[in-house]
Structure formats: structure tokens, C-alpha cells
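Biologist: Could we go through this structure together, step by step? Please explain each term when it comes up.

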Amino acid sequence: MRIRDTGDLWWKDAVFYCVDVDMYMDWDGDGVGDLEGLIQRIDHLSDLGVTCLWLMPFYPAGGVDDGYDITDFYGVDPRSGNAGDLVALIRTARDRGIRVIVDLVVNHTSDKHPWFRSARSSPSSPYRDFYVWSEKEPPQDKSQVVFPDKEDGIWSFDDKAQLWYRHHFYRQQPDLNTANPRVRDELAKVIGFWSAVGVNGFRVDAVPFFLADAANWPGDDVEHRHDFLVELRSFLTRRIGDGILLGEVNLPYDQQVEFFGGPPERDGDELNVQFDFNLMQATYLAFARQDAQPLAATLERRPRIPRDAQWATFLRNHDELTLDKLSDDERAEVFAAFGPDPDMQLYGRGLRRRLPPMLDGDPRRLRMAYSLLFAMPGAPVLFYGEEIGMGENLAVPGRMAVRTPMQWAARRNGGFSDAPRSRLVAPLTEDGYGPEHVNVDAQRDDPGSLLRFIQLLIRRFRECPELAWDTRVEVLDQPVSSVLALRSRWDDGEIVTVHNLAPDAQSVPLQLEDADADVRLVDLLGPGECAPDGRGRVTVDLDGYGYRWLRVVRPGHRRLR
């Protein structure tokens, strides 16, 4: 282990857990989840093994985009509680060894934000240049619209300002002019404020959008777009030595890697962590085909990143399950397998479903999928409810289909709230995935439950630094097309993970060139082991949708198992 590879790079092997506070636990009985409810359920996250809690926006908002149309960057939505509740949550989480990061939404504000209200009121407003304006209607490019079912272009006319303003998202979310140094200073203050409150970093929303060119006013910096990220990272590091920026950058690898900053052999000076959208989409294509080749090919072309940086791996997030990096034919394959009904699809580019219904509720496939998630190189991210196999509610419009109340018990409102059902912030999931079938309470007492299995995966992941630190994992050659075999190495440790994406059992021959007769491969997820012959050859048996994590144990080995 090099001196640099120490535990203060906590994001390298973190287990992130994303929570929509409104949907998690209602403690005051008004039908809306709140910070106090999350505090009361923090031990669920601790028992699960979560090490970093990511809070979706809890700020006062305009009510258009589930909290992402912010009206006050420094406030707490009264339905969620107050700043004291947030501090109590951060302290309680810290006592359990859990860090907290919050959403940083710097691409836009709500049109109800005081900055925009002032900006549109007068040409002399000190906030007029905080936004992107045009006297004439610019060309409307629908390809840049984030919500193509709601907006036809990225420019709207403001009657009061008598100008066109830019918005990549809803028209109620005017884009900030982040090329303006004054805007950058204000956003740095936002980071400084929440850092002082006690958060450990920020999940940065829509990163490529807020770095888009926005030349409007003298002094705007459009020549060095990435400098803004460098400035934010530097400022955060001064305020919190180990604070992180976890970025949403849905771009091809060759563009995405630029947002880490610096060459691979350096530390990087922009985002610490980025979601690996490319790997996620390849995973669903591989699942649809029951063929590991898309995953193997994506891992092999994954670019090198700075030493201190990390990829965030995930199977589901709070948005649509975007498939925009797949070809039209590949996307059609995934739609046919997991969302054949047009109502399951969104914008023609993604799915609005959770994983268990997409896999037909097959517990073998579900366990294989999560075993694969934790075995892939990076830091895994869970969306609330994944640990118990929650489903979606397709009766809820758009992306909100997957943002339904957390299911705690088989009782009224799933144990989420005591309010009348008509007052709940969102409808519950129904049918075979309703709380009477899927809930935390029942799974805590069931040793064979998905909850218990994911607890085991997290425990083993944390015990195996190879899985997080070896971002250049080796894809092992073997003849079975449905199987992905990976070899991860770090320091003196080595793990082989093998996953079968198809329903038929397989015997998988592997070649470990440097393994001699004294080497054993010991199972980490259950009893069992196998041993290579004198030439490093070993056969690994897998059930249909089977998976094995095998620690390579050599003479004198000191690690557990």
C-alpha cells in the first residue's frame, strides 16, 4: 500500500444511500416525510452498512421538479423540518459512522427565487446578469431539452423582462449564468454555508449543463469552463479537508473523464467521484441479452482516472433509468426485455421502473444483479428501498413512479405515515410490491431476505478493498458468453468474482497464470472453496443466475476468509 492509499480517501470504498426526505418517514403525521423521521430510521441505515447518506433536495422549492426548482439555497422546506433538525440528523448519522452529503443544484433556480424575481423586474437589477438572456428569440434546439415531453425548446419569453431566458429543464427553472464571477461567488457561499452546518460534501446536479457557455456580460469566463469546477473543489477542500463533489455527468467516457481534472497519475482537481452511466447502461444491455460481453467491453474501455478519484456504480437512481448511450437497436432490446409497455418508458430514452419488477421478481436474478453491483470496481450507490426490493407505481406520472413512500411494515400506509392516505405526499406502491408483501420489518426477521443479503454484500465489500481500489479490474477470458469473470487486486489482496447472467447452470474454466498448487479460492458469500491445479487452471461451478466471490488465498495469507 502506498502512503497515499489511506482511509481518509473515504469515498473510494464508500457505500452511498440516496434518500428523498419527503418519501422516507413521516414523523409529524402530515403525510410528508421529514428530517425527524429520517433520524428515527438512521439505525436502519447503520445496520445495513451505509457509510454515506445522500439527501435529495430538502430546500424550499417552487413545486415543479420535486425540490430541484429551489427558491432558497440556504433554507429547509418547512414540511421537512428546520435547520436544527438537519444538524441533528448530521450529528446522529456521524455517531453511527455515516457521513452526509446533500444535493448542490447550481445550474438553475426556480423562477420564484428572489434572484430571478429581481432580475426580471428591471434592467438595472443587480441580479439581471445572474441569468442567460437574449433580446431576440434564439433557435430552439429540442435536442438540448431535458424534459422533451414538457418543453419544446430551451428558451422562453418573459413578459416582464421583455427578454428570452434560457432553461434546459422546465421553463420554471431559469439557467444561472455560471460564467459570471458574481454567480460563482454566490454559489461558493452556498457550499461554505452547508459545509459549516456539517455536511461532508455535495452531489452536484447536471454538471455539463452549468458549465455550458453563457456569455452575456463583460467579464464572463467562457474560455475556461472547467475552472469553475476547479474553484469549487478547491474552496470545498479548504472548508472540509475530506469533503467531496459527487458529480452527475452523463457523457461518453472520453468526455466524462475530463470532469475529474488532471491526468490519471495525478490526484485530480475537479470532481472526486462521478456516476458511471456508461457501465450502468451496459449492465442492462447485458441483462437483456443474458450475455456478459457488453459489460466486459465497457469495463475494458473504461478510462484511467486520477488516483484520488472514483467511479460511483449503480443499478437505479432517482431519475429515469436513462439508456441514452445505447444505440437505437440496443435500447430497443432493453425496452423489449424490461419495459415493453410504452407507459414504462420515458422520453423514448429511458425506463421509469425499479429493478425487481423488471426482473419479474425472480430472487435469483435480483441477488445476482446486486452481487454484480458490489463486485464491479467503484463505490456502490443504493436508492432508498432497493435494499428490500421495492417496486414502482406506474400510475404516478413520469420519473415520480419510482419515488413512492418507503415501506417499513405491513400496516397502514406501509408504516410511512399515520396520516389519512389521501394526504400522503405520493401514492404507495401496489399489487405484488405493496407494503403487505415488501417491507423492512418482515425482512429484518428473515435470514433469507433481500435485506439480509444486501447487508452481507455491504459487509464483504467493505472487507475487500480490492473491489473498490482496483479501478483497472482484469476481465478474465473464459468461454461462457453469459458469464462475467473479474479479477481485482490491491496491496496483498486478490479476489475473483464470477456472475452468470443466464438461467442455465454453468461450469466456468478459468486460468490464473500466477496461481500454483498452494493457492485456494475461498468463497466469501457462503461456504465452499476450489483450488487451481499446478498450472493455474480452475473450474468454477455456477447455478443459473449464480454468483461467487472467491478470495485468492496464498500461503501466509493474513486477511479474513
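Modeller: Let us begin with one definition: a residue is buried under 20% relative accessible area, exposed over 50% and partly exposed in between, using a 1.4 Å probe and protein chains only. The model is predicted, so local features need pLDDT of at least 70 and side-chain atom pairs count only at pLDDT 80 or more, while totals for chains, interfaces and linings use all residues. Residues are numbered from 1 along each chain as its sequence is written, and side-chain values use heavy atoms, with hydrogens and water left out.

Biologist: Let me try that out. Is Ala83 buried or partly exposed?

Modeller: Ala83 has a relative accessible area of 45%, so it is partly exposed. It lies in helix H4, residues 83–95; helices (H or I, at least four residues) and strands (E, at least two) are DSSP runs, numbered from the N terminus.

Biologist: How far apart are Ala83 and Asn250?

Modeller: Between their C-alpha atoms there are 32 Å in space, and 167 residues separate them in sequence.

Biologist: Now the interior. How many residues does the largest nonpolar core have?

Modeller: The largest nonpolar core has 153 residues. Such a core is a set of buried Ala, Val, Leu, Ile, Met, Phe, Trp, Tyr and Cys residues joined through side-chain atoms within 4.5 Å. Phe16, Tyr17, Leu53, Leu55 and Tyr370 have the most contacts inside it.

Biologist: What does Tyr370 touch?

Modeller: Contact means heavy atoms within 4.5 Å. If its neighbours within four places in sequence are left aside, Tyr370 is in contact with Leu315, Leu355, Leu382, Glu386, Leu450, Ile454 and Leu457. Apart from this core lies another one, with 18 residues, including Val480 and Leu521.

Biologist: Which residues of helix H5 are buried?

Modeller: In H5 (residues 114–121), Trp115, Phe116 and Ala119 are buried. Viewed down the helix axis, the buried residues fall within an arc of 90°, so they line one face of H5; the arc is that of the directions from the helix axis to the C-beta atoms.

Biologist: And what do they pack against?

Modeller: The buried residues of H5 pack against strands E4 (133–134), E5 (155–158) and E6 (163–166), and against helix H6.

Biologist: Phe116 has a ring. How many aromatic pairs are there in the whole structure?

Modeller: The search finds 36 aromatic pairs. Rings of Phe, Tyr and Trp (its six-membered ring) pair if their centres lie within 6.5 Å; planes under 30 degrees apart count as stacked, over 60 as edge-to-face and the rest as tilted. Phe116 and Tyr165 have ring centres 5.4 Å apart and planes at 65°, so they are an edge-to-face pair. This pair links distant parts of the chain, with Phe116 in helix H5 and Tyr165 in strand E6, 49 residues apart. Phe116 is buried at 1% relative accessibility, and Tyr165 is buried at 6%.

Biologist: What does Trp133 form with Tyr165?

Modeller: Trp133 and Tyr165 form an edge-to-face aromatic pair, 6.2 Å centre to centre with 70° between the planes. Trp133 belongs to strand E4, and Tyr165, in strand E6, is 32 residues away.

Biologist: Changing topic: how many salt bridges does the search find?

Modeller: It finds 40 salt bridges in the whole structure. Each is a side-chain nitrogen of Lys or Arg within 4 Å of a carboxyl oxygen of Asp or Glu. In general, side chains of opposite charge can pair when their charged atoms come close. One salt bridge joins Arg184 and Glu231, whose closest N and O atoms are 3.7 Å apart. Arg184 lies in helix H6 (residues 181–197) and Glu231 in helix H8 (residues 227–239), so the pair ties together parts 47 residues apart in sequence.

Biologist: Is Arg184 buried or exposed?

Modeller: Arg184 counts as buried at 8% relative accessibility, whereas Glu231 is partly exposed at 41%.

Biologist: Which residue does Arg403 meet in a salt bridge?

Modeller: Arg403 meets Asp319, at 3.1 Å from N to O. Arg403 is buried, with a relative accessible area of 1%, and Asp319 is buried at 13%.

Biologist: Which residues are linked in a network of salt bridges?

Modeller: The network links Glu474, Arg487, Arg489, Glu494, Asp514 and Arg554. Within it, Arg554 and Asp514 form a salt bridge of 3.7 Å, N to O.
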